[in-house]
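Here are some short exercises to work through with the model open. Try each one before reading its solution.

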Amino acid sequence: MIAARSHGTIGMENHATRLSGRTVLSIGVATILALTLAGCMSAEERRQANLYADTGTCEAYGADYGSCEHAECMLQQQHRRDQRQLMNLEKARIASETARNNMEIIEAIRERRRLD
């Protein structure tokens, strides 16, 4: 009997793991879909989507709409988005600079080979 109970428990744990794996997969697919569709959104649509998401986040934190806490939370969400955008722009700048430097090195190597 003990073996049957422990086997049943293991089966339940595996079922729970599969469900959480499905949930993670669903969230991942939804995120990819959202990012894909984000490129198709106008600036106004993106602003509305951000506003909706930020409002939901702030309400999930317990800040009632219209309260000072809600306003502060909304500002924090915008600040986080701005910081993320600045970080992405900086990463793109660094990648571009690295690519340019690599091209200069390749050209210098080709020139040396040509002269030898």
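A disulfide here is a pair of cysteine sulfur atoms within 2.5 Å. This is a predicted model, where local features need pLDDT of at least 70, side-chain atom pairs count only at pLDDT 80 or more, and totals for chains, interfaces and linings use all residues. Residues are numbered from 1 along each chain as its sequence is written, and side-chain values use heavy atoms, leaving out hydrogens and water.

**Exercise 1.** Find which cysteines form a disulfide, and say how the link is handed.

Start with the sulfur atoms: those of Cys58 and Cys73 sit 2.1 Å apart, so by the cut-off they form a disulfide. The count comes to 1 disulfide. Next, look about the S-S bond: the angle is -95 degrees, making the link of Cys58 and Cys73 left-handed. Cys58 belongs to helix H2 and Cys73 to helix H3 (helices are DSSP runs of H or I, at least four residues, numbered from the N terminus), so the pair ties together parts 15 residues apart in sequence.

**Exercise 2.** Sort Cys58, Cys73 and Cys68 into buried or exposed.

Buried means under 20% relative accessible area, exposed over 50%, partly exposed in between, with a 1.4 Å probe and protein chains only. Cys58 and Cys73 are both buried. Cys68 has 59% relative accessibility, so Cys68 counts as exposed.

**Exercise 3.** Describe how H2 and H3 cross.

Take the axes (lines fitted to C-alpha atoms over the stretch in contact, with angles from 0 to 180 degrees between N-to-C directions). Those of H2 (residues 43–60) and H3 (residues 68–115) come within 9 Å and cross at roughly 125 degrees. Angles under 35 degrees are roughly parallel, over 145 roughly antiparallel, 65 to 115 roughly perpendicular and the rest oblique, so H2 and H3 are oblique to each other.

Technical notes. Helix = DSSP H or I, 4+ residues; strand = E, 2+ residues; numbered from the N terminus.
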